[in-house]
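Good morning, and thank you for making time for this presentation. Please look at the sequence and the structure as they come up, and we shall then go through them together.

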Amino acid sequence: MLYKSYSYLMKNTISKFFLLTIGLIISSCTSVSEKDLTNLNGYWEIEKVESNGERFTPRGGTILVDFYQLDSTTGYRKKLAPSFNGNYKSSEDQFDFSVVNIEGSFYIEYKEALQPWKEKIISINATQLELEHSDKTYVYKRHEKISL
């Protein structure tokens, strides 16, 4: 009798642990909400690119920053080069985009570019942005202005 109650107790404990673990895994997989999209505005610097299990990080050279300006669901993106005086140099090129919700996921869709494309927003918060495009994941960090 004691063996049966011990066995039941162990099964019950293992079941609770399993359910708790599954719950934590599901809740840690955050999805992007419409409210999160306001974090897109501003200056972003690529921290790393991941593709096919490999990680690439930018090294040396000129730092380029992506500037995003989003108003509701439309906006634009520009490539900028920061300078030591705190300003940015930019070309005249800018990519207009719209943010669309496709089956519960948000995408940045560029239709006016030479070759239209879209990037899936994997995650976004005040300090980090993660986009997916063509089997590559681009992880950005919020750009800090250079100050001397």
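I begin with one pair of residues: Arg77 has Phe95, in strand 6, as its bridge partner. That pair belongs to an antiparallel pairing of strand 4, residues 74–82, with strand 6, and the pairing runs over 4 bridges. Please bear in mind throughout that this is a predicted model.

Let me place these strands in the whole. The protein has 1 helix and 10 strands. The order from the N terminus is α-β-β-β-β-β-β-β-β-β-β. Of the 148 residues, 28% count as buried. Among contacts between residues at least 6 apart in sequence, 43% join residues at least 24 apart.

A word on confidence. The average pLDDT of the protein is 82, and 76% of the residues score at least 70. Residues 17–29 stay under 50, and for this stretch the model has 0 contacts beyond four places in sequence. I shall therefore draw no picture of that segment, given that pLDDT is the predictor's confidence in each residue.

Now I return to strand 6 and follow the chain onward. Strand 6 is joined to strand 7 by 5 bridges, and the two run antiparallel. Within this pairing, Asn101 has Phe106 in strand 7 as its bridge partner. The hairpin of strand 6 and strand 7 has 2 residues between the strands.

What is the sign of phi at Glu103? The phi of Glu103 is positive, about 50 degrees, although Glu103 is not a glycine. For context, most residues other than glycine have a negative phi. Glu103 sits in the loop between strand 6 and strand 7. Because its relative accessibility is 82%, Glu103 counts as exposed.

The next turn leads from strand 7, residues 105–110, to strand 8, residues 117–124; these strands are antiparallel and joined by 4 bridges. Here Tyr107 has Lys120 in strand 8 as its bridge partner. Strand 7 and strand 8 form a hairpin with 6 residues between them. Strand 8 in turn pairs with strand 9, residues 128–133, again in the antiparallel sense and over 4 bridges. Ile121 stands opposite Leu131 in strand 9, and the hairpin of strand 8 and strand 9 has 3 residues between the strands.

Continuing past strand 9, we come to Asp135, in the loop between strand 9 and strand 10. Asp135 also has a positive phi, about 60 degrees, and is not a glycine. With a relative accessible area of 68%, Asp135 is exposed, because that value is over the 50% cut-off. Thr137 then lies in strand 10, residues 136–142. Is Thr137 buried or exposed? Thr137 is buried, because its relative accessible area is 14%, and the cut-off for that class is under 20%. Beyond its neighbours within four places in sequence, Thr137 is in contact with Lys48, Val49, Glu50, Glu130, Leu131 and Glu132.

Let us turn to the interior. The largest nonpolar core has 18 residues, and those that touch the most other members are Leu40, Tyr68, Phe97, Ile108, Ile121 and Leu129. Two or more residues of this core come from each of strand 3 (65–71), strand 6 (95–102), strand 7, strand 8 and strand 9. Which residues does Leu40 touch, not counting those up to four places away in sequence? They are Tyr68, Leu70, Phe97, Ile108, Ile124 and Leu129.

Leu70 also appears in the lining of the second largest pocket, together with residues including Glu34, Asn41, Asp71, Val100, Asn101 and Phe106. This pocket has a volume of about 150 Å³. Strand 3 and strand 6 each supply at least two residues of the lining, and strand 6 gives the most, with 3 residues.

Finally, consider Val100, one of the residues lining that pocket and a member of strand 6. Val100 counts as partly exposed because its relative accessibility is 21%, and the partly exposed class begins where buried, under 20%, ends. Leaving out residues up to four places away in sequence, Val100 touches Ser105, Phe106, Tyr107 and Glu109. The C-alpha atoms of Val100 and Lys118 are separated by 9.5 Å, and the two residues are 18 apart along the chain.

That concludes the presentation, and I thank you for your attention.

Methods: Residues are numbered from 1 along each chain as its sequence is written. This is a predicted model: local features need pLDDT of at least 70, side-chain atom pairs count only at pLDDT 80 or more; totals for chains, interfaces and linings use all residues. Side-chain values use heavy atoms; hydrogens and water are left out. pLDDT is the predictor's confidence in each residue, from 0 to 100. Contact means heavy atoms within 4.5 Å. Two strands pair if DSSP finds at least two bridges between them. A nonpolar core is a set of buried Ala, Val, Leu, Ile, Met, Phe, Trp, Tyr and Cys residues joined through side-chain atoms within 4.5 Å. Buried means under 20% relative accessible area, exposed over 50%, partly exposed in between (1.4 Å probe, protein chains only). On a 1 Å grid over the protein atoms alone, a cavity is a set of points where a 1.4 Å probe fits but cannot get out, and a pocket is an open set with protein on both sides within 12 Å along at least five of seven lines; lining residues have an atom within 4 Å of a point. Grid points are joined across faces, edges and corners, and a volume is the space filled by probe spheres set on the points.
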